[in-house]
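Reader: I've got a fold on my screen and would like to go through it with you. Can we take it piece by piece, with the reasoning spelled out?

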Amino acid sequence: WDAGTFTFMILGDTCSRACRFCDVSTGNMLAPDPDEPNRIAETLSKLDIRYAVITSVDRDDLTDGGAEHWVKTIHLIRTQCPQMKIETLIPDFQGEMDLVEKICIAKPDVLAHNLETVESLQGRLRPQCRYT
């Protein structure tokens, strides 16, 4: 915090996957809060920080994996905090590159994604995902 950075997790607190390494709950998926992007941007505008990291749970239950929610969040942060740098730590969107491109078009300063494990352990730790 004292380095001027803040992290938010969007799209709820429940994930649509059950990765064996993760401590995020899996289960009953609620609809995304349509006001969340605005609340995040508003909160960031009140803080004395220079860098925001936005991450999320996986939302395989949503047609677009939550990509449009990501885009709204980025745009509203840019509007309310024009000097702030934005890092997006995005889900894999099940390999749907058009959804990743939507995030890129919103122009975050950093686009990142965690692989979480090496390829040889992928099948055991994340059986619902493909390493490639």
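Author: Happy to, and one term comes up soon: a polar contact is a pair of N or O atoms within 3.5 Å, and within protein one must be able to donate a hydrogen and the other to accept it. Also keep in mind that this is a predicted model.

Reader: Good, let's use that term. Which backbone oxygen does the side chain of Thr-55 reach?

Author: Thr-55 is found in strand β4. Its contacts, leaving aside neighbours within four places in sequence, are Thr-7, Phe-8, Met-9, Ile-10, Trp-70 and Leu-89. From the side chain of Thr-55 there is a reach of 3.2 Å to a backbone oxygen, and that oxygen belongs to Leu-89.

Reader: And is Thr-55 buried or exposed?

Author: The cut-off for buried is under 20% relative accessible area. Thr-55 has a relative accessible area of 17%, so it counts as buried.

Reader: What about the strand around it: how many residues of β4 are buried?

Author: Thr-55 is one residue of β4, and β4 as a strand is mostly covered. Of its six residues, the number buried is five.

Reader: Now the sheet. What is the order of the strands in it?

Author: Let's build it from the pairs. β1 and β4 run parallel and are joined by six bridges, β4 and β5 pair in the parallel sense over five bridges, and β5 and β6 run parallel with three bridges between them. Put together, that is an open sheet of four strands, paired in parallel, with the order β1-β4-β5-β6.

Reader: Which are the edge strands, then?

Author: An open sheet ordered β1-β4-β5-β6 has edge strands that each pair on one side only. Those are β1 and β6.

Reader: By how many degrees are neighbouring strands of this sheet turned against each other on average?

Author: Direction is ignored for this figure. On average, neighbouring strands of this sheet are turned against each other by 20°.

Reader: I'd like to trace one row across the strands. Which residue of β6 is the bridge partner of Thr-88?

Author: Start in β4, where Ile-54 is the bridge partner of Phe-8. Ile-54 in turn stands opposite Thr-88 in β5. Go on from Thr-88 into β6, and the bridge partner is Leu-111.

Reader: Can you do another row: which residue in β6 does Glu-87 stand opposite?

Author: Begin with Val-53, which stands opposite Glu-87 in β5. From Glu-87, the residue opposite in β6 is Val-110.

Reader: Why is β5 largely enclosed by the rest of the structure?

Author: β5 pairs with β4 over five bridges and with β6 over three. As for its residues, β5 counts as largely enclosed because the number buried, out of five, is four.

Reader: Over to the helix α2. At about what angle does α2 run to β5?

Author: α2 covers residues 67-80 and reaches 20 Å from its first C-alpha to its last. Its buried residues, including Trp-70, Val-71 and Ile-74, pack against β1, α1, β4, β5 and α3. The helix lies across β1, β4 and β5, and its angle to β5 is about 165°.

Reader: What is the handedness of the β-α-β unit that β5, α3 and β6 make?

Author: There is one such unit before it in the chain order of names: β4, α2 and β5 make a β-α-β unit that is right-handed. For β5, α3 and β6, the unit is also right-handed.

Reader: Last, the odd backbone angles. Phe-93 and Lys-107 have a positive phi; which one is exposed?

Author: Most residues other than glycine have a negative phi. Phe-93, with phi near 50°, sits in the loop between β5 and α3 and is buried, at a relative accessible area of 5%. Lys-107, with phi of about 60°, lies in the loop between α3 and β6. Its relative accessible area is 60%, so the exposed one is Lys-107.

How values were computed:
Residues numbered from 1 in each chain as written. Predicted model: local features only at pLDDT ≥ 70, side-chain atom pairs only at ≥ 80, totals over all residues. Heavy atoms only, no water. Helix = DSSP H or I, 4+ residues; strand = E, 2+ residues; numbered from the N terminus. Expected span 1.5 Å × (residues − 1). Buried < 20%, exposed > 50% of the residue type's maximum accessible area, 1.4 Å probe, protein only. Contact = heavy atoms within 4.5 Å. Pairing = 2+ DSSP bridges. Right-handed = clockwise from strand over helix to strand, strands pointing away. Axes fitted to C-alpha atoms, helices over the stretch in contact; angles between N-to-C directions.
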